[in-house]
Amino acid sequence: MERQDYTMPTLLQYENVAWYEDGKVQILDRRIYPRKMSFVECVTYQEVAQAITDMVTQSAGPYTAAGMGMALASYQSMDLTNAERVAYLEKASETIATARPTTANRMRLITEKCVQVASEALNNDEDPTEAIKQNTIDSLNRRYSTMNSVAKYLIDKIPENGAVLTQCFGETIIGMLLREAIEQHKNIRFFCAETRPYLQGARLTASCCAEMGFETTIISDNMTAYLLSSQKIDLFTSAADSIALDGYIANKVGTYQIALLANYFGVPYFVTGIPDYDKKDHNDIKIEMRNPEQVMKLNGIRHTLDGVKAIYPSFDITPPELIGAIVTDNGFYSPYDLTSYFKGEAKNDFY
């Protein structure tokens with residue numbers, strides 16, 4: 001398949017997400033982009049896992065980093081026997097997959113597939129490292145292609161000169177929506193909630209939208225009610241880090257409050273992504289609690305007195321009554337009927 005990152009903004013070009021080459025993985029440091037274009041270099045799979053934990057990359061970026069990290073693990077184990085290499089890769093798979101707990105189920109789909117690919121390559125006297133890297137590129141192509149289909153459905157809900165409110169950085173769907181709008185010659189305006197404390201909306205989503213030539217406005221997270229009451233916003237959209245089958249979704253903390261406001265002001269909320277078959281209900285979603293120091297600092301500068309406390313839930317959970325539809329590669333699904341997505345041949349295999 002042709003590489004699917006053609007005409008994508010800088011952040012979504014494959015080599016700028018995460019890339020394995022010659023015994024190391026380079027990961028674009030999204031914590032400081034676009035102030036600085038800098039890569040974190042990892043020479044062990046453990047360093048890749050730590051980079052994922054530290055949010056060097058986030059949104060869908062960890063899926064790519066995970067695959068490239070498994071290629072690095074294969075390189076690290078090259079002097080072992082075949083059986084020992086598989087065991088080494090199985091250990092690496094679990095370490096990388098659990099680097100962030102909320103998305104561990106999706107990450108395992110990637111890392112366990114890498115173990116399978118490596119095992120098959122070893123049995124065929126082929127290079128498992130290159131096999132894993134190619135599998136990761138294939139996975140990227142599938143994900144980009146799948147989300148391109150999602151974008152084609154979502155863009156039909158946006159009128160010409162329409163205004164879209166985003167939350168955090170939906171990565172692939174953002175890139176595909178922008179590309180689809182350009183190909184359809186459709187003018188769209190974007191309002192991006194900044195998304196504290198790492199400002200992914202302001203730094204990443206807004207950067208992609210502006211780089212692709214769209215009118216882009218950022219708002220601080222506490223301006224949402226003002227925006228929705230004073231501007232004509234046609235829809236609110238976000239990706240989801242987890243979509244449980246009971247219609248609850250987990251996404252970057254702050255999504256729930258925007259969904260509440262959108263519901264109050266009559267702005268439809270469309271969630272993009274593929275349901276998680278192994279999350280039967282929202283009780284299966286584990287919310288990652290991150291270091292509260294990250295809330296008390298911004299760009300490395302502390303802005304609270306000693307003794308002040310903070311909390312940092314990385315995600316929150318939005319209930320189905322606030323969601324207009326889940327937009328998938330097969331079209332729109334009610335959040336109350338997500339099991340229908342898996343009837344037929346649809347399956348969550350694009351990671």
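**Exercise 1. A charged patch and its setting**

In which loop is the place of Asp127? Locate this residue, classify its accessibility, and find the surface patch that it helps to form.

*Solution.* Asp127 sits in the loop between helix 5 (104-123) and helix 6 (128-155), where helices (H or I, at least four residues) and strands (E, at least two) are DSSP runs numbered from the N terminus. The model is a predicted one, in which local features need pLDDT of at least 70 and side-chain atom pairs count only at pLDDT 80 or more, while totals for chains, interfaces and linings use all residues. Residues are numbered from 1 along each chain as its sequence is written, and side-chain values use heavy atoms, with hydrogens and water left out.

The next step is accessibility, for which buried means under 20% relative accessible area, exposed means over 50%, and partly exposed lies in between (1.4 Å probe, protein chains only). Areas of this kind come from the Shrake-Rupley method, and for residues only the protein chains shown count as cover. With a relative accessible area of 41%, Asp127 is partly exposed. Glu126 is placed in the loop between helix 5 and helix 6, and at 48% relative accessibility Glu126 counts as partly exposed.

Finally, Asp125, Glu126, Asp127 and Glu130 form a negative surface patch. Patches are made of residues with over 30% relative accessible area and no salt bridge, like charges being joined within 9 Å and nonpolar side chains (Val, Leu, Ile, Met, Phe, Trp, Tyr) within 5 Å. Asp and Glu count as negative and Lys and Arg as positive, whereas His and the chain ends are not counted; the place of a charge is taken as NZ of Lys, CZ of Arg, CG of Asp or CD of Glu.

**Exercise 2. Helix 8**

Compare the expected span of helix 8 (residues 200-211) with the distance between its end C-alpha atoms, then decide why helix 8 can be described as largely enclosed.

*Solution.* The expected span of a helix is 1.5 Å times one less than its number of residues. For the twelve residues of helix 8 this gives 16 Å, and the end C-alpha atoms are 15 Å apart, which agrees. Turning to burial, ten of the twelve residues of helix 8 are buried, so this helix is largely enclosed by the rest of the structure. Among the buried residues are Gln200, Arg203, Leu204, Cys208 and Cys209.

**Exercise 3. Salt bridges**

Count the salt bridges, and describe the pairs made by Asp5 with Arg3, Arg108 with Glu94, and Lys232 with Asp234.

*Solution.* Side chains of opposite charge can pair when their charged atoms come close. Here a salt bridge is a side-chain nitrogen of Lys or Arg within 4 Å of a carboxyl oxygen of Asp or Glu, and by this rule the count comes to twelve.

In the pair of Asp5 and Arg3, the closest N and O atoms are 2.6 Å apart; Asp5 is buried at 7% relative accessibility, while Arg3 is partly exposed at 30%. A network of salt bridges links Arg3, Asp5 and Glu15.

Arg108 and Glu94 meet at 2.8 Å, N to O. This pair links distant parts of the chain, with Arg108 in helix 5 and Glu94 in helix 4 (residues 82-97), 14 residues apart. Arg108 is partly exposed, with a relative accessible area of 27%, and Glu94 is partly exposed, with 37%.

For Lys232 and Asp234 the N to O distance is 2.7 Å; Lys232 is exposed at 57%, whereas Asp234 is buried at 16%.

**Exercise 4. Backbone exceptions**

Identify the peptide bonds into Pro34 and Pro197 as cis or trans, and give the sign of phi for Thr7 and Asn161.

*Solution.* Most residues other than glycine have a negative phi, and most peptide bonds are trans. The bond from Tyr33 to Pro34 is cis, with omega near 5 degrees, and Pro34 is found in the loop between strand 2 (24-28) and strand 3 (39-42). The bond from Arg196 to Pro197 is cis, with omega near 0 degrees, and Pro197 lies in the loop between strand 5 (188-193) and helix 8.

Thr7 has a positive phi of about 60 degrees although it is not a glycine; Thr7 is placed in the segment before helix 1 (14-17) and is exposed at 55%. Asn161 has a positive phi near 65 degrees, is found in the loop between helix 6 and strand 4 (162-166), and counts as partly exposed at 42%.

Definitions and conventions: Accessible areas come from the Shrake-Rupley method with a 1.4 Å probe; for residues, only the protein chains shown count as cover.
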